[in-house]
Amino acid sequence: MGPYIPLGAVFLLAMGLAFFLVPVAGALGKRLGAVDRPRRGEVQARQVPRTGGYAILIAFVAAVALSLLLLPRNPDESPRLWGLLLGAALVIPLALLDDSRRLGPLPQFAGQVIIAGVPMAFDVLVSNVSNPFGGLLYLPAYLVLPVTFLWFLGMMNTLNFIDTMDGLAGGVSAIAALVLLVRAVQLEQYTIAALMLALVGACLGFLPHNLHPARIFMGTSGSLLLGYSLAVLAIIGGAKIATTAMVLAVPIVDTALVIGTRALQGRSPFKGGDAAHLPHRLLEIGFSQRAIVFVLYALCLGLGVLALGLSAWQKLYTLIAVGVVLALLVGLVALRVESLRASPSRAYQGNDVRGPGVPR
């Protein structure tokens, strides 16, 4: 049978389940009041359920379970898989609390620390990175835990921050998982590739319901799950940290710039409402949501394809270049926004932009 038929079954199950469960999750969200209501400075003009992430979670876990049945695995993989699944399960109570009470940054951060600690307890650790001179560079023992925590928290918050525009977080996550999938297949890591396919399929099943104009949002359950899963898969796939960072370079750099800017202004880095992210600034100067989202898809995919053929040094140089170019672009767009606001020829109304950092 070979590995490809089981891999196809995993993908189809994840995509099919997500596609059919998302409307169910939406209906339950409306009935239970787990909805996003229109607020000043946001994109939406109507109530939208924020429960799509639960459907993504069920589809992902079911597809991972199917992969365990269809593909023989090395016994050494079992602890890490348990860590992946148990950490994903802990996303549910945190998401339920946030959906019902809209948790502040500190409770969300505490929940993320707990979620990250679960796979770490099962040996999902960043113990080595690619050595620019070849081979692997092993981290000192005292750096393993803090580096791993930073990786998990950075990934979860990056996906949380970019989940502010229809279709953005789900599509970017699908692209990142797809690039990791290609790399796993190149290395003949088929059991790892099945995990990537489960995530790709779950995202693709969700996206038809979430592209603009979205009928449902993924909410905290979705953004946390996607960031968490990508963080875990990058590690258990052979420390593909640099490859994952390359795919997500634009949202990572954009998030870092926003957090840094807010901190310099003496504001909470996690308090949104200022339309500071690049996608929102582009929306303000006249780009459509779909255009912005598909341009970001293209950038992430292009950087991901590039990452598959680059050395560790070249990835580092590329990340630096992306950071510099994006900083310049953000500055130019910010100047354009201020120019429009100050223009006497028109009364600037601003586009309805969801405050960045406010998860859906």
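The paragraphs below walk through this predicted model, from its charged pairs to its nonpolar core, one helix and a pair of rings.

We may begin with the salt bridges, of which the structure holds 5. In one of these, D36 is joined to R102, and the closest N and O atoms of the two side chains are 2.2 Å apart. Because D36 lies in strand 1 (residues 35-36) while R102 lies in the loop between helix 3 (78-101) and helix 4 (105-121), this pair ties together parts that are 66 residues apart in sequence. The surroundings of the two partners can also be described: D36 is buried, with a relative accessible area of 0%, whereas R102, at 32%, is partly exposed.

Another salt bridge links D99 and R50, with a distance of 2.7 Å from N to O. Here D99 belongs to helix 3 and R50 to the loop between strand 2 (48-49) and helix 2 (52-70), so this bridge ties together parts that are 49 residues apart in sequence. Both D99 and R50 are buried. These pairs can be read together, since salt bridges that share partners join D36, R50, D98, D99 and R102 into one network. A further salt bridge is formed by the side chains of R73 and E77, at 2.8 Å from N to O.

R73 also leads us to the next residue to look at, for it is touched by L81, which in addition touches L68 and L195 when residues up to four places away in sequence are not counted. L81 has its place in helix 3, and its relative accessible area of 6% means that it is buried, because the cut-off for that word is under 20%. If you look for V232, you will find that it stands 151 residues from L81 in sequence, and yet the two C-alpha atoms are 9.5 Å apart in space.

What, then, does the largest nonpolar core contain? It has 94 residues, and those that touch the most other members are L84, W151, F152, M156, Y228 and L230. The largest share of this core, 13 residues, is supplied by helix 7 (residues 190-210). Taking L84 as an example, and leaving aside its neighbours within four places in sequence, we find it in contact with F60, L195, Y228, V232 and L233.

We can now follow helix 10 (residues 249-264), whose length offers a simple check. At 1.5 Å a residue, its 16 residues should span 22 Å, and the C-alpha atoms at its ends are indeed 22 Å apart, so the expected and computed values agree. The buried residues in helix 10 are A249, V250, P251, V253, D254, T255, V258 and R262. When reading such a list, it helps to recall that an α-helix has 3.6 residues a turn, so residues three or four places apart point the same way. Among the elements that cover the buried residues of helix 10 are helix 5 (141-162), helix 9 (241-247), helix 11 (278-284), helix 12 (289-309) and helix 13 (312-342). After helix 10 comes G266, which has a positive phi, near 75°.

Lastly, we turn to the aromatic rings, which form 5 pairs in this structure. F19 and F20 make up a pair whose ring centres are 5.3 Å apart and whose planes stand at 85°, so the arrangement is edge-to-face. The two residues can also be described by their accessibility: F19, at 34% relative accessibility, counts as partly exposed, while F20, at 60%, counts as exposed.

Technical notes: Residues are numbered from 1 along each chain as its sequence is written. This is a predicted model: local features need pLDDT of at least 70, side-chain atom pairs count only at pLDDT 80 or more; totals for chains, interfaces and linings use all residues. Side-chain values use heavy atoms; hydrogens and water are left out. Rings of Phe, Tyr and Trp (its six-membered ring) pair if their centres lie within 6.5 Å; planes under 30 degrees apart count as stacked, over 60 as edge-to-face and the rest as tilted. Buried means under 20% relative accessible area, exposed over 50%, partly exposed in between (1.4 Å probe, protein chains only). A salt bridge is a side-chain nitrogen of Lys or Arg within 4 Å of a carboxyl oxygen of Asp or Glu. Helices (H or I, at least four residues) and strands (E, at least two) are DSSP runs, numbered from the N terminus. Contact means heavy atoms within 4.5 Å. The expected span of a helix is 1.5 Å times one less than its number of residues. A nonpolar core is a set of buried Ala, Val, Leu, Ile, Met, Phe, Trp, Tyr and Cys residues joined through side-chain atoms within 4.5 Å.
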